[in-house]
Amino acid sequence: MQEFKPVKEGKVREVYDIGDCLIIVATDRISAFDVILKNKIAQKGAILTQMSKFWFGFTKDIVPNHMISTEAADMPEFFRSEGFAGNSMKCRKLEMLPVECIVRGYITGSGWESYKKDGTVCGIQLPEGLLESQQLPEPIYTPTTKADLGLHDEHITFEDSVGILEELHPGRGAEYAGKIKEYTISLYKKCAEYAWEKGIIIADTKFEFGLDEEGEIVLGDEMLTPDSSRFWPREGYVPGKPQPSFDKQFVRDWLKQNPDSGYGLPEEVVAKTVDKYKEGYELLTGEKFV
């Protein structure tokens, strides 16, 4: 049996090159504030992968994506062991674009902190009188750079994204920047409307895009998982205060309240975190997580 080693390791995912394709593995690691925590969250990787699979299928009418299969039978024998069960995705190879496409439909987190100071989020002027966690009149696009492991992403303007992409692809920077912004807003609107009907508010999320061999834009990475999004329960939603969540915001909040934790979580926080991930998955997909 041929063995494979990751060609790239992020805070949560590992990427394997199998020749004509990639295998992207979502591990059970969890990160917060750009730090990998000491604990692992059992089954988290499989939940993330299966949730991405659901969303990729749901949005393929808007933009093509990189997913080929999540079935072990479609992968080399090395990936058919228990450690890769359910958490691995066979994907097309792309030239990933160095812009993280963040979309915000509600004002919360760092956006709320910025708004309280000067009425803006990432330099975008917003109406006066908004409350914490309030839905914005229209979703806003707030891209960032894609920093290496251990470094912080930096907020950039749309014009900055044009310059970054123009440097890589002269003559096409404005086209690519415009398309990924358009795709980001369209994806968010479709998925947020669907999630609302299932009892979940998608407050914000991020997407990543790449180019295929023909230079066409393809959606890559993960999609609308608890690691890349803020999910709130629709039931009990009231603007004017922080909201409970189905995502790792629960972990972030615990760490803020326990600054001397050394980035280690007690078992009850670990158990509650995976329960929240499962609940979000089951509400959105309508399927029991097995």
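This passage walks through a sheet, two helix pairs and two buried residues in a predicted model.

The sheet is a convenient place to start. Strands of a sheet pair through backbone hydrogen bonds, either parallel or antiparallel. Here, an open sheet of 5 strands is arranged in the order β1-β2-β3-β7-β6, and the pairing is antiparallel. Its edges are formed by β1 (8-9) and β6 (67-69), each of which pairs on one side only. Further in, β3 (residues 22-26) and β7 (residues 88-91) are antiparallel partners joined over 4 bridges. Within this pairing, Ile23 is found opposite Lys90 of β7. Strands β6 and β7 also run antiparallel, with 2 bridges between them, and here Met67 has Cys91 of β7 as its bridge partner.

The side chains of β7 deserve a closer look. In a regular strand the side chains alternate between the two faces of the sheet. In β7, Ser88 and Lys90 point one way, while Met89 and Cys91 point the other way. All of these residues are buried. Lys90, the residue opposite Ile23, is thus listed among the buried residues of β7, as is Cys91, the bridge partner of Met67.

Helix α1 links this sheet to the helical part of the description. The helix lies across β3, β6 and β7, and runs at about 40° to β7. Two packed helices are described by the angle between their axes and the distance between the axes. For α1 (residues 44-59) and α4 (residues 173-197), the angle is about 115° and the axes are 11 Å apart. The two helices are therefore roughly perpendicular to each other, and their crossing is right-handed. On the α1 side, the contact is made by Phe54, Trp55, Phe58 and Thr59, and on the α4 side by Leu187, Lys190, Cys191 and Tyr194. Sorted by class, the residues of this contact are 6 nonpolar, 1 polar and 1 charged.

A second helix pair is formed by α5 (residues 249-257) and α6 (residues 267-285), whose axes come within 9 Å and cross at roughly 155°. Because angles over 145 degrees count as roughly antiparallel, α5 and α6 are described as roughly antiparallel to each other. Phe250, Val251 and Trp254 of α5 meet Val269, Lys272, Thr273 and Lys276 of α6. This contact of α5 with α6 comprises 4 nonpolar, 1 polar and 2 charged residues.

Two individual residues complete the picture. Glu208 belongs to strand β14 (residues 200-211). With a relative accessibility of 7%, Glu208 counts as buried, because the cut-off for burial is under 20%. Apart from neighbours within four places in sequence, Glu208 contacts Met96, Glu100, Lys146, Val218, Leu219, Gly220 and Asp221. Glu208 also lies 6.1 Å from Cys101, C-alpha to C-alpha, although the two are 107 residues apart in sequence.

Ser228, in turn, sits in the loop between β15 (217-220) and β16 (229-233). Ser228 is likewise buried, with a relative accessible area of 8%. When residues up to four places away in sequence are not counted, Ser228 touches Asp204, Thr205, Lys206, Glu222 and Met223.

Conventions:
Residues numbered from 1 in each chain as written. Predicted model: local features only at pLDDT ≥ 70, side-chain atom pairs only at ≥ 80, totals over all residues. Heavy atoms only, no water. Buried < 20%, exposed > 50% of the residue type's maximum accessible area, 1.4 Å probe, protein only. Contact = heavy atoms within 4.5 Å. Axes fitted to C-alpha atoms, helices over the stretch in contact; angles between N-to-C directions. Parallel < 35°, antiparallel > 145°, perpendicular 65-115°, else oblique. Left-handed = near helix turned anticlockwise from the far one by under 90°. Nonpolar A, V, L, I, M, F, W, Y, C, P; charged D, E, K, R; others polar. Pairing = 2+ DSSP bridges.
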